[in-house]
Amino acid sequence: MALLNKSTLLVAGLLALVLYNLVTRTRAYLRLRHIKGPRGAGWGKFWLTRHQFGGKLIKDLQTVCKEYGPLTRIGPDWVVCSDPTEIRRIWSVHSGYQRSPWYRGFRFDPQRDSLITANENKEHHRIRSLVIPGYSGRGLADPEVYVDDAIGKFLGVIEQKYVSTSATGIKLFNAGHKMQYFTQDANSAIEFGKPFGYLDHDSDFNGIIGAIETMVPATAVMALFPVTLRIMDSGLLNPFLPKLTDQTGVGRLLGIVHEKVGERYTPDEKKEKRRDVLQAFVDSKMTRQEVEAEALVHLLGGSDTTATSIRVTLFYLATKPSAHRALQREVDEFVRAGKASRPVITDAEAKSMPYLQACIKEGLRLWPPVSGLMAKVSQKDDVICGQKVPAGTNVAWTALGVMRNRELFGEDADTFEPRRWLEADPARLREMEAVQGLAFAANSRWQCLGMKLAYLEMGKLFFELFLRYDFAMADPIQPYSWVNYGFTMHENMNFLITQREVEV
């Protein structure tokens, strides 16, 4: 009898669990049933998980919005929006939206938020106010000096190893990681006063870049499931996470940052006070642990995204001869007129070059450097694209759908055409710039504080590259392979670089 009672209780418990799960899923399905989407997406996260893990979600979100409309359901409590006007409203300072728990999946420290993971508006504002002095550069060493040094080394590496000539034969320049060597060295010098040394080795010598790329797919999928975030918060997985004592990979990066932060807290009356980003963080009211977290954000967030933008824009220029030649004409005329500082152009000079800036804007528009779901939630019901969206719904964006909107950018919105930025009437240009600025969440509560540095690095580097070299893809049929998990990783992105035959 006792055995029967235990069996009955077990069966009853299982039935209750099944019933609870069914009721919960049905309720979740019904609250957004009026919004169309892929079959089955409203009953679970299988569609979203499968496409996120596949590494092509950036394209898949654009596709479903084309099929089902500007507001599409992609999960039980998830929708994605491709309407630029609505995204600008939702991301605006006074919209009432905040970041969804999705952001917490990208914590560098599982138990501590940072500028890019804090989802509560007040906490995000607190952190942002503390790190702004470091990002703005007030009272710090001129970042251009460090960027110029990195550009000089980068050009030296290309000249010595990757310029193809009739004498040396074909030399392939694989931009997949090499652009990160440049941005990592530039950003680490700005942050710590000394570069990591990637350009000296011309390799991922400490395995950090490769290790991060290995972790990103799992991280992107885990971010979809709040329960996994709670497990991370609990500390149960700490024994399996990277350690400060690791000699390679992510642990090595954590150890370097920990060591460099520790040096700033070591008393030494003879030690000269540094004038770099890290010192600005140390001088703020952040705790030492928060300083370490923000140092990682500044280093990784800026270097990976800027490297992606450089690679993609270089690809578009290499595959559109008219744009390639137009940029070089502007560069040559600028040099002939004596307007370009040597050995490296200044940021102010680069910003005065209309076509160069148009190329940068167009590259960022066609393939935004941060292109994840970027979900926001509101505690109040909303109406998006004419449809009611209940409070608590994750509202994502489709980066490509927004940035390639044909009503705003024209029927050729899918093509690389820098002239659109030079030929648009003033009113249209303002609208285009407002939407393109979403690549850095410009004019929103979450505007990227590294935007200014990204434009600085790109403008200076593109000028110096196209002054000296011509670029073409080594394999025009399959120029590269890629995966995207919010950040894009390129493989076999091989360029042919040849010396320009022109006198300026």
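Here is a short tour of this protein chain, from its overall build to its core and two surface residues. The model is a predicted one. The chain holds 21 helices and 12 strands. Its radius of gyration is 25 Å, close to the 23 Å that the globule rule gives for 504 residues, so the chain is as compact as a globular protein of that length.

**Overall build**

- Taken along the principal axes, the C-alpha atoms of the chain fill a box of roughly 95 × 60 × 45 Å.
- Of the 504 residues, 53% count as buried.
- If you look at contacts with a separation of 6 or more, residues 24 or more positions apart account for 72% of them.

**Surface and charge**

- The protein chain exposes about 23,400 Å², and carbon and sulfur atoms supply 57% of that area.
- There are 64 positive and 57 negative charges in the chain, and the mean positions of the two sets are 7 Å apart.

**The nonpolar core**

- In soluble globular proteins, nonpolar side chains tend to be buried together.
- Here, the largest nonpolar core has 147 residues, and Leu 373 and Phe 495 are those with the most contacts inside it.
- Helix H13, which covers residues 288-318, gives this core its largest share, at 14 residues.
- Phe 495 is a good place to start looking: leaving out residues up to four places away in sequence, Phe 495 touches several stretches of the chain, including Lys 171, Leu 172, Phe 173 and Ala 175.
- Other residues that Phe 495 touches include Arg 311, Leu 314, Phe 315 and Ala 318, as well as Phe 471, Ala 472, Met 473 and Ala 474.

**Pro 343, in a loop**

- You will find Pro 343 in the loop between helix H14 (321-336) and helix H15 (347-351).
- Pro 343 has a relative accessibility of 63%, so this residue counts as exposed, the cut-off being over 50%.
- Even so placed, Pro 343 is in contact with Glu 464 and Arg 468, leaving aside neighbours within four places in sequence.
- Pro 343 and Asn 187 lie 156 residues apart in sequence, and their C-alpha atoms are 20 Å apart in space.

**Arg 27, in a helix**

- Arg 27 belongs to helix H1, which covers residues 2-31.
- With a relative accessible area of 63%, Arg 27 is exposed.
- Between Arg 27 and Pro 76 there are 9.2 Å in space, C-alpha to C-alpha, while the two residues are 49 residues apart in sequence.

How values were computed. Residues are numbered from 1 along each chain as its sequence is written. This is a predicted model: local features need pLDDT of at least 70, side-chain atom pairs count only at pLDDT 80 or more; totals for chains, interfaces and linings use all residues. Side-chain values use heavy atoms; hydrogens and water are left out. A nonpolar core is a set of buried Ala, Val, Leu, Ile, Met, Phe, Trp, Tyr and Cys residues joined through side-chain atoms within 4.5 Å. Buried means under 20% relative accessible area, exposed over 50%, partly exposed in between (1.4 Å probe, protein chains only). Helices (H or I, at least four residues) and strands (E, at least two) are DSSP runs, numbered from the N terminus. Contact means heavy atoms within 4.5 Å. The radius of gyration is taken over C-alpha atoms; the globule rule is 2.2 Å times the number of residues to the power 0.38. Accessible areas come from the Shrake-Rupley method with a 1.4 Å probe; for residues, only the protein chains shown count as cover. Lys and Arg count as positive and Asp and Glu as negative; His and the chain ends are not counted. The place of a charge is taken as NZ of Lys, CZ of Arg, CG of Asp or CD of Glu.
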